[in-house]
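Me: I am new to this structure and would like a close look at one part of it. Could you walk me through the salt bridges, and how exposed the residues that form them are?

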Amino acid sequence: MDKESAEVVVTVEGKVCVLRLNRPKMKNALSLQVYNKFMETLDKVGNDPNISIMVVTGTGDYFSSGNEFSMKGFEKLSENENESSDSGSETSFDDQVAKGNNEFKRFIDKLIDFPKPLIAVVNGPAVGVAVTMLPHFDVVFASDKATFHTPFVTLALVPEGCSSYLFPMIMGPGMAAQMLMFGKKITATEAYQHNFITEVVPNEKLDDVWTKISNWANLPPNTLVVIKNIIRLHQKETLHEINAKECEVLGGRFKDPEFFEAIMKFFTRKSKL
Ligand code: COA
């Protein structure tokens, strides 16, 4: 297995594979390269008989700021949209949106189907998909410095990662609506109180969780897979359907002028989230 790439570091210690989001200057934003490496690692670990557990964490003060916004990418998208509407041809813009959406859908599908215990060590704030992916993890340890923020409305986007279904189920409809509709940012303690994470750990003690994880990795590996499967089996089909529906709705949002306005605001730093 690869040891390192620029934006993601993958290491194996004993029976534990650790994927470390490694773009601290960018608050560990998830680029296409990160998504690809993440998916490749899920596939490899899922099929590697020598690895029992996969862990995801981040380098630096953030767990992850979610999807990367690239000015270049949005200028291109915007140009293509204008060209499409001028020429009457829709293909370019629609193709680009569909391609990005398919990759994202594939990523969530892989999380839904990942067969082995998946653990997050949330070392700091998590934003967007870095939050919505967490219900697909079996155990989430979070530093007391972590926060959880899904500011979809500010960006004219919609809930993804099956959060439209899983958040109300996990934390109750009221808190889910506050987070998903109104962009409420919650602390690690609030996330724990609403069953969203497994444990809040004082930041200076976060390293202690690694001992626990490596002990778990010595449990019988086939049995861990069978237990995870029986816990998650009943929801898999529903989650794939929800993922597909959310991605379809998300695709439509990229055409809304409110979306371009929100992105331009981010890049011109008129408003921080
Ligand atoms: N996409 C692209 N760039 C990002 C990013 C992202 N998701 N998150 C952070 N960055 C970049 C910033 O643009 C900045 O780049 P610069 O140094 O070239 O200006 C750098 O990372 C550091 O971030 P900065 O904003 O200066 O740090 P901060 O502590 O003031 O704020 C955040 C951190 C995460 C609150 C802020 O960067 C932010 O709101 N990012 C967008 C998060 C987001 O909306 N994600 C998707 C949700 S659906």
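Reply: Happy to help; here is a walk through the salt bridges, with a short look at a sheet at the end. Please keep in mind that this is a predicted model, in which local features need pLDDT of at least 70, side-chain atom pairs count only at pLDDT 80 or more, and totals for chains, interfaces and linings use all residues. Residues are numbered from 1 along each chain as its sequence is written, and side-chain values use heavy atoms, with hydrogens and water left out.

A salt bridge here is a side-chain nitrogen of Lys or Arg within 4 Å of a carboxyl oxygen of Asp or Glu. Searching the whole structure turns up 13 salt bridges.

Let us begin with Lys27 and Asp61, whose closest N and O atoms are 3.3 Å apart. This pair links distant parts of the chain, 34 residues apart: Lys27 sits in the loop between strand S2 (16–21) and helix H1 (32–47), and Asp61 in the loop between strand S3 (53–58) and helix H2 (71–87). Those helices (H or I, at least four residues) and strands (E, at least two) are DSSP runs, numbered from the N terminus. For accessibility, buried means under 20% relative accessible area, exposed means over 50%, and partly exposed lies in between (1.4 Å probe, protein chains only). Lys27 is partly exposed because its relative accessibility is 31%, and Asp61 is partly exposed too, at 45%.

Next, look at helix H3 (residues 91–113), where Glu103 and Arg106 lie three residues apart, about one turn of the helix. Their side chains meet in a salt bridge at 3.2 Å, N to O. Glu103 is partly exposed at 22%, and Arg106 is partly exposed at 37%.

Helix H3 also holds Asp109 and Lys105, four residues apart, again about one turn of the helix. Their salt bridge spans 2.9 Å, N to O. Here Asp109 counts as buried because its relative accessible area is 14%, whereas Lys105, at 26%, is partly exposed.

Salt bridges can also join up: Glu7, Arg23 and Glu68 are linked in a network of them.

Finally, a glance at the sheet. Three strands form an open sheet in the order S5-S7-S8, with mixed pairing; two strands pair if DSSP finds at least two bridges between them. Strand S5 (126–127) and strand S8 (186–187) are the edge strands, each pairing on one side only. Strand S7 (residues 147–149) runs antiparallel to S8, over two bridges, and Phe148 stands opposite Ile186 in S8.
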